[in-house]
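User: Please explain how the structural labels for this model were assigned. For each label, set the value against the criterion behind it.

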Amino acid sequence: IMVYDDADPREVASAIIRSGFGYQGRKCSAASRVYMTDEMWKKVKPVLEQYMQEITIGDDMVNFTCYIGAIISKQEYEKIVGYIERARLATGTKEIIDGQYISTEKGYWIRPCVIVTENPHAETMEEEIFGPVVTVFTRGSIKDLESRALAASPYRLTGSVQTNDICQLSRGLETFRFGPGNIYD
């Protein structure tokens, strides 16, 4: 997701929640990376944290109020937890929001996790996780963010541009012209 400074913070937070955490993040179109300026992150973060606190996890096959269900297997659970734990120790990680996890005899549960980094080559910026983990890369300049987004991971099945300005949208679409196969605005 490329976020321009004129985007509505509530819409950006909603896009991160729905795309990054829906279906436990285990879909090809899941958002895994978000690019935004430091100033925009200051606006989005409190809204995102509020939305994340409202997410319920549990047996979504029985309780339809649960937004996130169990991770599919112990192997996948351990893989995703490994990404979260390595991010905690990684150079460039600014903060990690939520990402709590628990393993029980009834399943493997991971709450939504947002990793904020200043390292464009952080592991979670370059690899597909297929779990409820989204990494936010912040910088001071949109131009720098656009170039970083283009040079990022080869995994770019789906992209999104968040803006309220048609000129910014055109710029974002041009930036991603040869990147993701699907683009949402």
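**Labels and their criteria**

Analyst: Strand 4 (residues 101-104) and strand 5 (residues 107-110) run antiparallel and are joined by 4 bridges. The model is predicted: local features need pLDDT of at least 70, side-chain atom pairs count only at pLDDT 80 or more, and totals for chains, interfaces and linings use all residues. Residues are numbered from 1 along each chain as its sequence is written, and side-chain values use heavy atoms, with hydrogens and water left out.

User: What makes strand 4 and strand 5 a pair?

Analyst: Two strands pair if DSSP finds at least two bridges between them; strands 4 and 5 have 4 bridges, so the criterion is met. One bridge partner is known by name: Thr-104 is matched with Gly-107 in strand 5. The two strands are connected by a hairpin through 2 residues. Strands (E, at least two residues) and helices (H or I, at least four) are DSSP runs, numbered from the N terminus.

User: Why is Thr-163 called buried?

Analyst: Buried means under 20% relative accessible area, exposed over 50%, and partly exposed in between (1.4 Å probe, protein chains only). Thr-163 has a relative accessible area of 18%, and therefore it is buried. Thr-163 is found in the loop between strand 8 (158-162) and helix 6 (166-175).

User: What makes the pairing of Thr-163 and Asp-6 a polar contact?

Analyst: A polar contact is a pair of N or O atoms within 3.5 Å; within protein, one must be able to donate a hydrogen and the other to accept it, and residues adjacent in sequence count only if both atoms are side-chain atoms. The side chains of Thr-163 and Asp-6 are joined at 2.7 Å, so the distance satisfies the cut-off. A polar atom of the Thr-163 side chain also lies 3.1 Å from the backbone nitrogen of Asp-165.

User: How do you know that the length of helix 2 is close to the expected one?

Analyst: The expected span is 1.5 Å times one less than the number of residues. Helix 2 has 17 residues, for which 24 Å is expected, and reaches 25 Å from its first C-alpha to its last. Helix 2 also bends by about 35° at Val-44, with Pro-46 following within four residues; the bend is the angle between axes fitted to the seven residues ending there and the seven starting there.

User: Which residues of helix 2 are buried?

Analyst: They are Met-40, Trp-41, Val-44, Val-47, Leu-48 and Met-52.
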